[in-house]
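Me: I am in my first year and would like a close look at a single part of this model. Please take one strand and go through its surroundings step by step.

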Amino acid sequence: MITSFEIFLKVAEELSVSRAAARCFVTQQCVSDHIKRLEEDYEILLFNRKPHFSLTEAGKVLYESVMEIQKIEEDVKLKFSRLKNNKKLIVGMNATRISLILPELLPVYNEIFPDVEISFVMHETRVLEQMMLKGDIDIFVGVNANSSSKYNADLLGMEKINIIISSKLFKKNFNLKDLVKMKKGVNFSEFKNISFAREPGWSRINDLIDFYSKREDIYLKPLYYTRDYDTQMALCSSGLVAVVCPGMITKKILEHNEKNSKENEIFIFPLNNQTELLKIELITLKNSEESDYKTKFIEFLKKYMKENIN
């Protein structure tokens, strides 16, 4: 994918030239030049500069189109990779779940199968479903996946969502005497005046946020958009926003709290009365060719996922 598109995606996800520049390891001027060049080429504004930096309607169209281009390129790379190595697994999963599971799973697996090449594809469930049907991936961990007669779906667990907020932001908006009570459960309505970081566009967790927001007849105010939970946590830790996140992310938050002082602590609040949950499943294609290394990887993956779903 051309550099301008790659930089555009980062700016669209971060809604910040400075943060996009940091992620791309280039200067802010370089990022601005690429965005300006795209706007000149297409003869249309891609970002509103005032009153807030945001995607225009044209920018949203380009974002969806570039995401499709990225997916096509990844598909081509995966197919080429399959041609080079027969002893190979391609696994789809959310990026944050991968970062939590792999450090524990792979060292054990590699002891048994040191010559198996594994590629990890990081996409939303709906994209992974299509890749599975086309035979581009072998296994994926899905969130509220659509049922299909072509899939084997093994339930790994039902995952709740939490609201996380830094101690700094909490102290500005709440009374510390309410902390113990809120750690037992909160409602979205208590956070209606606080800005949030959310995933851009459609996602399973955005569906849940919208469901519970409508149930309480309130609107959670988004300020920043990014699919990367590490970035969301960093924004949360800085005291800029709160975040709605799946239960598995609490492991990362606890690790953060262990490394930081009380002043930089992130509080975790479970949402009350959760009737809709994230259904986490391990999806494989029916009648697909099985191998000992694939079977063992699935066994390990199930074990580690179940241990980390909250």
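Reply: What follows is a look at one strand and its partners. This is a predicted model, in which local features need pLDDT of at least 70 and side-chain atom pairs count only at pLDDT 80 or more, while totals for chains, interfaces and linings use all residues. Residues are numbered from 1 along each chain as its sequence is written, and side-chain values use heavy atoms, with hydrogens and water left out.

The part chosen is strand β3, residues 88-92; helices (H or I, at least four residues) and strands (E, at least two) are DSSP runs, numbered from the N terminus. Because 5 of the 5 residues of β3 are buried, this strand is largely enclosed by the rest of the structure, where buried means under 20% relative accessible area, exposed over 50% and partly exposed in between, with a 1.4 Å probe and protein chains only. In a regular strand the side chains alternate between the two faces of the sheet. In β3, K88, I90 and G92 point one way, whereas L89 and V91 point the other way, and all are buried.

Two strands pair if DSSP finds at least two bridges between them. β3 runs parallel to strand β4 (residues 117-121), to which 5 bridges join it, and G92 stands opposite V121 in β4. Strand β5 (residues 139-143) is also parallel to β3, with 2 bridges between them, and here G92 stands opposite F140.

Finally, β3, helix α5 (residues 95-112) and β4 make a right-handed β-α-β unit; a crossover is right-handed if, with the strands pointing away from the viewer, the path from the first strand over the helix to the second runs clockwise.
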